[in-house]
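Good morning, everyone, and thank you for making time for this. I would like to walk you through a structure that will be new to most of you, so let us put it on the screen and then take it piece by piece.

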Amino acid sequence: MQTMNALTQTQHFLTIIWWMSLGLSIMLYLMLDGADLGAGVFSLFVKDEHDRGAIMSAMAGTWDANETWLIVAGGVLFGTFPFVYGSLFSYLMVPLALALWGIITRAVSLEFRHLAEPRYKRFSDYAFGVSSLTTAFFAGMAVGATLKGFPLTHTPDQVPAYVGGALRFISPFSIWTGIAAVIAVALAGGLFVRARFEPQEDIRKHAATWTNIVFFIALAAAVITTAWSVIIFPWAANRWLGPHFYLWGLGFLVVVYTVIRMRMASNREHDIAAILWLNAALALMGTGMMWTMYPWMVPNTWTIFAGATPQVSIITFTMAMAGFFPVMLAYNWYQIWVFRARVTKLAAYGH
Amino acid sequence: MLENSLSVFLSRIDFAWITSFHILYPPLTVGLATLLFFFEWRWMKTDDEKWYRLTRFFEKLFIINFGAGVATGITMEMAFGILYGPFSQAAGPFFGQVLGYETITAFMYEAGFIGLMIFGWGKISKKMHLFATFNVALSSSFSAMWILVANSWMQTPTGVTLKNGVFQVTDWVSAILNPDVMFGFPHMLVACFELALFFVAGVSAWFVLRKRHIEIFARPLRYALLALVVVAPLQVYLGDGLGQVVAHDQPAALAAMEGHYHTYNKDGSVNTGWHIVAWPNAKGDGNAFAITIPHVLSLLETHTWTGKVPGLDTIKPEDRPPVVVPFYSFRVMVAAGMFMMLVAFWGGWLALRRRLTAARIAQNPLFLRVVVFSAFLPYISVWTGWWTREVARQPWVVYGLMRTAQGVSHMSVPLEVFWLVGYMAFELMVFGGTWYFLAKVIRKGPDLTSPVVQEGHQMLGHIEEPKHHEPAQPEYPRPA
């Protein structure tokens, strides 16, 4: 499959740039919408109806912009790595379908809640919480399944396609990554709720307790995931425990440092700082994971170069798209700035 | 790979279902965004509160519709990879990239500004808000453009070679500016405007019929009808142009749309008959019955009295599209388009005679009822138009280059059914929710009591229960 199209130097370079952009989109999605998903999971544990409504209104101005990073990631994957897109999505058909239904249900309950009759509000809230949970779980499961790789056809002069059943994605590891994803967003969601509400609000105190507990669960989950990966993925073990193990060890220490700073900020109620430190830890771990997998995009299945689109296309794509990333980042920032005010549960969704 | 297997058929039905339910929402988003910009701009210029009330009222409807569009749109993006994996891989270098352009240059751009437009009232300056509305309108039109570039390329795939199972782009300019898009995109864009104008006109006419807020709603009704006097005939003209392109580049599709089997009559003369009604026979080589007008087909397609139009008999049997769906959906679309044009002219004539003013508009209930009824017609024509386009392209997914059966993912029938049932449930849920809430907001009518927003004074939302707590004052952020 390496011979699908021979790559030039320029193409190598651009492919790597696009692979990084894809990673950036996914990471931004995790950071931004991960908090929204986590707030949804948290809302399942919130008894007061107005509090649940306030959580939704706290993300009202930004959730759709956050979610579009997922669509951008999909667009970049389809646009620059179509061979991976086509086969990976066939492989992940079921978990993606379930995550997708979660996303749709979430969008519907977020958009329509403030219009619903009181007796449907509870249903809408429940749908919001459960769909946030299922989205995180199945997306996490899809990641775990991707790390395991999948079999491809080898027909001469044809694009390799996925061969295998629809349920191949299920494994103890992928179930675990689903759970781990829920834990991770639960932590992000707790921090988000703390940052978005006035200090005297009860819900904020509730969220503080929540983050204090989930923090330790998340820590344990990260350790389990890393250890499990070392055991079952030779490509990970070879990198982490290979000749450059001291560099990886150094990186590991930096992650530990960010986690400690996050914990300190959280304890001191420096809410924004806590979120930023958490995101820093996520960014470091995400970058580390991409570096671990290089040159594989899907381990033992697709390298980033074999999965990339032919030269002419990728150059055009780069010319057309490269300028847009900074622009999108700029107005994402502007939007967060406009909607930066804290809310109380009484400030409802209406507009 | 069996062309007519149940699995391929289910994939097609599945995709048809997803597309049909997605296409209900974006056209209104595209068209209404532009009208909202116009309303808001008039408000800025004239400082007339009526324009403000209209903007806020139609914005509520816009939001509901937009949410539904996003939910069903994400479904579509993923459905390409899931249901049509081999197609996605093969067409990635062109089709995938164009969708990539769409998500980045249009969708992302739109989503960013839409947050500001909906929730930014009072938080950002009036000018910034108008700018946000403008960008929502512009970016949603970009979306429509890229989507039509991708779809038109599937109809008339120029600028590519199919090599090793991959469409290699050899000429970007001719692939993007493929023959179909030159009329296909304007036809769709104008459809969006026509739909939004009829939507606004229909909602306004409904209020006038009910004698509610006549002073407010007479205005958008009059403006929308006057705009339609230009837009509706323009749409008919563009549709005719697109028909010429289809006749030239996709003869099989055109023949199916017209139920046109025989290029020549039995006596050797050119078959110029246009069928009003037709039903294909069991053998698929002619019509079991048809009501036919001579010369009309040649007039329509070649703009001459006896021009030759190739029939389905020039196409290999295995390459012939199904006839019934394109034939009837095409006729329904054309009939709806013509009817809408007549309604527009009627409205224009009334406007000329100054009978659409707030004082006199309620005196013509028949006309108002027709306008309310016409609000549903653009939806019907968008549906039937899209079905015509997609079904008449069969059995190809990329016309003449890649067959639909080659493009579908290899899925078992139970799995296909799982998808189909799941999608049916979800799309119907979104559909039901959308129409329920649209109807609810319309019945409630515009909010005339809350104060017109002032710059920088609005808090996030209104206060529901002011008794229990002090209202929040989140005007400035607390330092973290």
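Let me begin with what the database says about chain A, where an unreviewed UniProt entry lists, under "transmembrane region", residues 12–32, 83–105, 126–147, 173–193, 213–237, 243–260, 272–294 and 314–334. Please keep in mind throughout that what you are looking at is a predicted model.

We can set two of those listed stretches beside the coordinates. Over residues 83–105 of chain A, the chain is 96% helix and 0% strand, and the C-alpha atoms at the two ends are 30 Å apart. For residues 126–147 of chain A, the span is 100% helix and 0% strand, with its end C-alpha atoms lying 32 Å apart.

Staying in chain A, let us look at two individual helices, starting with H4(A), which covers residues 82–91 and is mostly covered, with 10 of its 10 residues buried. Among those buried residues of H4(A) are Pro82(A), Phe83(A), Tyr85(A), Gly86(A) and Tyr91(A). Helix H5(A) is also mostly covered, since 19 of its 20 residues count as buried, that is, under 20% relative accessible area. As for its length, at 1.5 Å a residue the 20 residues of H5(A) should span 28 Å, and because its end C-alpha atoms are 28 Å apart, the expectation and the model agree.

What lies in the loop between helix H5 (93–112) and helix H6 (118–148) of chain A? One residue there is His114(A), and at 26% relative accessibility it counts as partly exposed. The C-alpha atom of His114(A) is separated by 9.6 Å from that of Met56(A), although the two residues are 58 apart along the chain.

Now to the way the helices of chain A pass one another, with H7(A) as our reference. The axes of helix H7(A), residues 172–196, and helix H8(A), residues 202–232, come within 8 Å and cross at roughly 150°. Angles over 145 degrees count as roughly antiparallel, and therefore H7(A) is described as roughly antiparallel to H8(A). The crossing of H7(A) past H8(A) is left-handed, and the residues of this contact divide into 21 nonpolar, 4 polar and 2 charged.

H7(A) has a second partner to show you, namely helix H11(A), residues 271–293, where the two axes come within 9 Å and cross at roughly 155°. That angle makes H7(A) roughly antiparallel to H11(A), and here again H7(A) passes in a left-handed crossing.

On either side of H11(A) there are details of the backbone that deserve a moment. In the loop between helix H10 (245–267) and H11 of chain A we find Glu269(A), whose phi is near 65°, a positive value in a residue other than glycine. Is Glu269(A) buried or partly exposed? With a relative accessible area of 41%, Glu269(A) is partly exposed. Pro295(A) sits in the loop between H11 and strand E1 (296–298) of chain A, and the peptide bond leading from Tyr294(A) to Pro295(A) is cis, with omega near 0°.

Let me turn to chain B, and to its backbone details before its helices. The peptide bond from Gln394(B) to Pro395(B) is cis, with omega near 0°, and Pro395(B) has its place in the loop between helix H13 (377–393) and strand E5 (396–398) of chain B. Arg354(B) has a positive phi of about 55° although it is not a glycine, and it belongs to the loop between helix H11 (324–352) and helix H12 (365–374) of chain B. With a relative accessible area of 62%, Arg354(B) is exposed.

Helix H5(B), residues 126–155, is mostly covered, with 21 of its 30 residues buried. At 1.5 Å a residue, those 30 residues should span 44 Å, and the end C-alpha atoms of H5(B) are 44 Å apart, which agrees.

Finally, how do helices H1(B) and H15(B) run with respect to each other, parallel or antiparallel? The axes of H1(B), residues 6–22, and H15(B), residues 413–444, come within 10 Å and cross at roughly 15°, and the two helices are therefore roughly parallel to each other. H1(B) passes H15(B) in a left-handed crossing. With that I will stop, and I am happy to go back to any part of it.

Technical notes: Residues are numbered from 1 along each chain as its sequence is written. Chains are lettered from A and ligands numbered from 1 in the order in which they are written. This is a predicted model: local features need pLDDT of at least 70, side-chain atom pairs count only at pLDDT 80 or more; totals for chains, interfaces and linings use all residues. Side-chain values use heavy atoms; hydrogens and water are left out. Helices (H or I, at least four residues) and strands (E, at least two) are DSSP runs, numbered from the N terminus. The expected span of a helix is 1.5 Å times one less than its number of residues. Buried means under 20% relative accessible area, exposed over 50%, partly exposed in between (1.4 Å probe, protein chains only). Axes are lines fitted to C-alpha atoms, for helices over the stretch in contact, and angles run from 0 to 180 degrees between N-to-C directions. Angles under 35 degrees count as roughly parallel, over 145 as roughly antiparallel, 65 to 115 as roughly perpendicular and the rest as oblique. A crossing is left-handed if the near helix is turned anticlockwise from the far one by less than a right angle, and right-handed if clockwise. Ala, Val, Leu, Ile, Met, Phe, Trp, Tyr, Cys and Pro count as nonpolar, Asp, Glu, Lys and Arg as charged, and the others, Gly among them, as polar. UniProt positions are given in the numbering used here, feature names are shortened, and annotations may be inferred rather than shown by experiment.
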